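Welcome to this guided tour. Please open the model in your viewer and keep the selection tool at hand.

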Amino acid sequence: MSSPPRAPLPGHISSLIPNPSIVGDSPTLDTATHDASTVVDHKEMHKAAEEQLAAHHRVLAAAAAAAHPPEPMQPIHIPQRPVRVFPKAILVAVDQSEQSRQALLWALDNFAGEHVVLHVVCCFPAAVDSMMPEDERERQLAEQVTAEEIKLAEWVADASNASASKLSLHASIAVGDPTTELCRLAEALDVRVVVVGSRGMGALRKALLGSVSEYLTHHCSRPVLVVRTPADAPQ
């Protein structure tokens, strides 16, 4: 009885496998090339799928727009706030003389406007005895101010009647040094300009008013306009 064939040794098995260095190309190189081409194919497929999906979305969007066209935009009405217009204040310094009357008339005719207010101010030094008791000084000063206010109101009314202007007028009396007091009032009233006559013959006297207008032009922080009359022209 014959014995079964013996199994080949491992060396025989290795001898039956072709030597990669002798037969054919390297299997490692073939596998890498195949994997690279597979990655490229997948990228192209993915890109084609994205383009197809985007085209599908565009078709759906066009169909939706055709079925439901957008409504026209309605204008938006924004309520407007009322514009606050602050009046333009003009200070006219007067002493109830003819020269200051001409200055007031000039202001009435040349500052025409709906939002212009003329502050007509007559300034005079206090004429009370400093040796009197304080109560008596205050009483006499109040009487003087009241009397000056009445005269100024009548004087302003007469001057404004000679003009066709409809400007708003505010007449007031100021007590003190006309030079410094008028500068202070120009700041306090926030005026655009100070109008004054060139000289006068009233309570401030001719030389005094001349010094007032000169002082204002040099020391007042607001523009000063000196109104001259034909009588002021040099002879």
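A residue is called buried here when its relative accessible area is under 20%, exposed when that area is over 50%, and partly exposed in between, using a 1.4 Å probe and protein chains only. This is a predicted model, where local features need pLDDT of at least 70, side-chain atom pairs count only at pLDDT 80 or more, and totals for chains, interfaces and linings use all residues. Residues are numbered from 1 along each chain as its sequence is written, and side-chain values use heavy atoms, leaving out hydrogens and water.

**The whole chain**

Start with a cartoon view. You should find six helices and five strands, taken as DSSP runs (H or I of at least four residues for helices, E of at least two for strands) and numbered from the N terminus. Following the chain from the N terminus, the order is α-α-β-α-β-α-β-α-β-α-β. Now switch on the surface: its accessible area is about 17,000 Å² by the Shrake-Rupley method with a 1.4 Å probe, and carbon and sulfur atoms hold 59% of that area. Of the 235 residues, 27% count as buried. Contact means heavy atoms within 4.5 Å; among contacts with a separation of 6 or more, 80% are between residues 24 or more positions apart.

**First stop: the nonpolar core**

In soluble globular proteins, nonpolar side chains tend to be buried together. A nonpolar core is a set of buried Ala, Val, Leu, Ile, Met, Phe, Trp, Tyr and Cys residues joined through side-chain atoms within 4.5 Å. Select Ile 90, Val 92, Leu 104, Phe 111, Leu 118 and Val 195: of the 24 residues in the largest core, these touch the most other members. The elements giving two or more residues to this core are β1 (88-94), α3 (98-110), β2 (116-124), α4 (134-161) and β4 (193-197).

Next, centre on Ile 90. Leaving aside residues up to four places away in sequence, Ile 90 touches several residues, including Phe 111, Leu 118, His 119, Arg 192 and Val 195. There is also a second, separate core of 16 residues, and Cys 123, Ala 186, Val 191 and Val 194 are among them.

**Second stop: an aromatic pair**

How many aromatic pairs does the count come to? The count is one, where rings of Phe, Tyr and Trp (its six-membered ring) pair if their centres lie within 6.5 Å, with planes under 30 degrees apart called stacked, over 60 edge-to-face and the rest tilted. Show Trp 106 and Phe 111: their ring centres are 5.7 Å apart and their planes are at 80°, so this pair is edge-to-face. Trp 106 is partly exposed at 32% relative accessibility, whereas Phe 111 is buried at 18%.

**Third stop: Asp 95**

Move to the loop between β1 and α3 and pick Asp 95. Is Asp 95 buried or exposed? With a relative accessible area of 3%, Asp 95 is buried. A polar contact is a pair of N or O atoms within 3.5 Å; within protein, one must be able to donate a hydrogen and the other to accept it, and residues adjacent in sequence count only if both atoms are side-chain atoms. The side chain of Asp 95 makes such contacts with the side chains of Ser 97 (2.5 Å) and Ser 100 (3.0 Å).

**Last stop: helix α5 and its salt bridges**

Select residues 178-188, which form helix α5; its buried residues include Pro 178, Leu 182 and Leu 185. A salt bridge is a side-chain nitrogen of Lys or Arg within 4 Å of a carboxyl oxygen of Asp or Glu, and the count comes to eight.

Within α5, Glu 181 and Arg 184 form a salt bridge (2.5 Å, N to O). They are three residues apart in the helix, so about one helical turn separates them. Glu 181 is buried at 14% relative accessibility, while Arg 184 is partly exposed at 45%.

Now show Arg 222, which is buried with a relative accessible area of 19%. Glu 187, partly exposed at 41%, forms a salt bridge with Arg 222, the closest N and O atoms being 3.4 Å apart. This pair links distant parts of the chain, with Glu 187 in helix α5 and Arg 222 in the loop between α6 (205-219) and β5 (224-227), 35 residues apart.

Asp 190 also forms a salt bridge with Arg 222, with the closest N and O atoms 2.9 Å apart. Asp 190 lies in the loop between α5 and β4, so this pair ties together parts that are 32 residues apart in sequence. Asp 190 is exposed at 51% relative accessibility, and takes a positive phi of about 55° just after α5.
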